Amino acid sequence: YTLLCLISAGIAQTVLRDKLRYGLKDFAPIIGVGGYPLALTVSTSSNIHSVHDLIARARTPEGVIFANGGVGTIAHLTTVMFLNSVQGKGLDVAYRNNPESLQALAGGFAHMIFASASEVAALRGDGKVRVLAVTSSKRAVNLPDVPTMAELGFPSISSTLWHGYVAPAGTPTEIVAKLAGSIAKVVQDEGFQRQVGPLAFQSDVKVGSELSAFLAAEASRWRRVIVENNIQVTA
């Protein structure tokens with residue numbers, strides 16, 4: 001059987017690219033395994049020391065400059081959602097990938113970014129970035145001193161770089177169930193947890209109707225952000 005590892009950005013792309021010849025209806029959901037929270041991170045050269053400092057800066061006439069690793073990525077959409085929620089504004093600077101956008105932030109060319117908590121932890125040690133919050137429901141293992149967005153009063157900013165597995169639509173239900181059970185055993189294995197835990201990966205197993213509902217909710221959530229802000233891709 002051919003399986004697809006579906007990630008959060010894949011859902012956003014089905015909304016952004018209206019000429020795609022496939023959608024969620026073409027897949028049989030197997031299992032969601034969890035993912036990485038995003039970390040709201042600012043440059044230390046920006047003199048922004050808290051989320052409230054950031055909001056104040058975003059509400060100035062100049063707003064903030066925010067970097068992202070590509071238009072339509074979850075980090076990009078989360079930034080837009082956050083700025084909308086605080087009535088702030090920002091100049092969007094899209095880079096070719098996440099490493100380039102993080103380098104721009106560390107170099108002081110941008111004020112803020114939402115990036116994977118697994119990526120920013122290493123940069124934090126260099127003293128060039130400051131991590132203000134994480135988007136998960138609980139604190140990240142590798143950033144235990146960093147509060148969640150919910151703790152700071154922003155429960156709706158709860159994006160996750162999640163991973164799941166799907167098969168082609170029409171795959172026999174017994175095969176889907178067998179695959180889901182096998183993958184769940186791996187995710188719950190102590191050895192697996194020892195490997196991914198320190199990287200900020202947070203397990204969250206979803207199967208069956210729960211996974212289907214989650215995927216539909218994610219598609220609806222990001223469609224709203226994309227449509228309301230007229231976000232488009234050029235290729």
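In which helix does threonine 14 lie? The exercises below concern a predicted model, and this question opens the first of them.

**Exercise 1. Place threonine 14 and describe its surroundings.**

Task: State the element that holds threonine 14, classify its exposure, and relate it to alanine 219.

Solution.
- Step 1. Threonine 14 lies in helix 1, which spans residues 8-16.
- Step 2. The relative accessible area of threonine 14 is 26%. Buried requires a value under 20% and exposed a value over 50%, so threonine 14 is partly exposed.
- Step 3. Threonine 14 and alanine 219 are 205 residues apart in sequence, yet their C-alpha atoms are 8.0 Å apart in space.

**Exercise 2. Compare two further separations in sequence and space.**

Task: For threonine 2 and alanine 217, give the location, the exposure class and one C-alpha distance each.

Solution.
- Step 1. Threonine 2 sits in the segment before strand 1. Its relative accessibility is 64%, so threonine 2 counts as exposed.
- Step 2. From threonine 2 to valine 166 there are 164 residues in sequence and 9.0 Å in space, C-alpha to C-alpha. Apart from neighbours within four places in sequence, threonine 2 is in contact with Ala167 and Pro168.
- Step 3. Alanine 217 belongs to helix 8. With 44% relative accessibility, alanine 217 counts as partly exposed.
- Step 4. Alanine 217 and leucine 123 are 94 residues apart in sequence, and 33 Å separate their C-alpha atoms.

**Exercise 3. Trace the partners of strand 7.**

Task: Determine how strand 7 pairs with strand 1 and with strand 2, and name a residue pair for each.

Solution.
- Step 1. Strand 7 covers residues 160-168 and pairs with strand 1, residues 4-7, in the antiparallel sense over four bridges.
- Step 2. Within that pairing, isoleucine 7 has histidine 163 of strand 7 as its bridge partner.
- Step 3. Strand 2, residues 27-43, also runs antiparallel to strand 7, and nine bridges join them.
- Step 4. Here isoleucine 31 stands opposite tyrosine 165 in strand 7.

**Exercise 4. Explain the burial pattern of helix 2.**

Task: Identify the buried residues of helix 2, say why they share a side, and list elements that cover them.

Solution.
- Step 1. Helix 2 runs from residue 51 to residue 58, and Val51, Leu54, Ile55 and Ala58 are buried in it.
- Step 2. These residues cover an arc of only 100° around the axis, which puts them on the same side of helix 2.
- Step 3. The spacing accords with a general rule. An α-helix has 3.6 residues a turn, so residues three or four places apart point the same way.
- Step 4. The cover over the buried residues of helix 2 includes strand 2, strand 3 (64-68), helix 3 (74-85), strand 5 (112-116) and strand 6 (129-134).

**Exercise 5. Characterise the two largest pockets.**

Task: Give the volume and the lining of the largest pocket and of the second largest pocket.

Solution.
- Step 1. The largest pocket has a volume of about 420 Å³. Its lining consists of 26 residues, and those nearest its centre are Ser158, Thr160, Asp204, Lys206 and Phe214.
- Step 2. Strand 2, strand 7, strand 8 (202-207) and helix 8 (208-228) each contribute at least two lining residues to the largest pocket. Strand 2 gives the most, with five residues.
- Step 3. By class, the lining of the largest pocket holds 10 nonpolar, 11 polar and five charged residues.
- Step 4. The second largest pocket contains about 240 Å³ of space. It is lined by 16 residues, with Ile7, Ser8, Ala9, Asn98 and Leu161 closest to its centre.
- Step 5. Helix 1, strand 2, helix 3, strand 5 and strand 7 each provide at least two residues of the second lining, which divides into 10 nonpolar, five polar and one charged residues.

**Exercise 6. Examine two residues with positive phi.**

Task: Locate asparagine 47 and glutamine 87, and report phi and exposure for each.

Solution.
- Step 1. As background, most residues other than glycine have a negative phi.
- Step 2. Asparagine 47 has a positive phi near 60° and is found in the loop between strand 2 and helix 2. Its relative accessibility is 59%, so asparagine 47 counts as exposed.
- Step 3. Glutamine 87 has a positive phi of about 55° and lies in the loop between helix 3 and strand 4 (90-94). With a relative accessible area of 59%, glutamine 87 is exposed.

Terms used:
Residues are numbered from 1 along each chain as its sequence is written. This is a predicted model: local features need pLDDT of at least 70, side-chain atom pairs count only at pLDDT 80 or more; totals for chains, interfaces and linings use all residues. Side-chain values use heavy atoms; hydrogens and water are left out. Two strands pair if DSSP finds at least two bridges between them. Buried means under 20% relative accessible area, exposed over 50%, partly exposed in between (1.4 Å probe, protein chains only). The arc is that of the directions from the helix axis to the C-beta atoms. Contact means heavy atoms within 4.5 Å. On a 1 Å grid over the protein atoms alone, a cavity is a set of points where a 1.4 Å probe fits but cannot get out, and a pocket is an open set with protein on both sides within 12 Å along at least five of seven lines; lining residues have an atom within 4 Å of a point. Grid points are joined across faces, edges and corners, and a volume is the space filled by probe spheres set on the points. Ala, Val, Leu, Ile, Met, Phe, Trp, Tyr, Cys and Pro count as nonpolar, Asp, Glu, Lys and Arg as charged, and the others, Gly among them, as polar.
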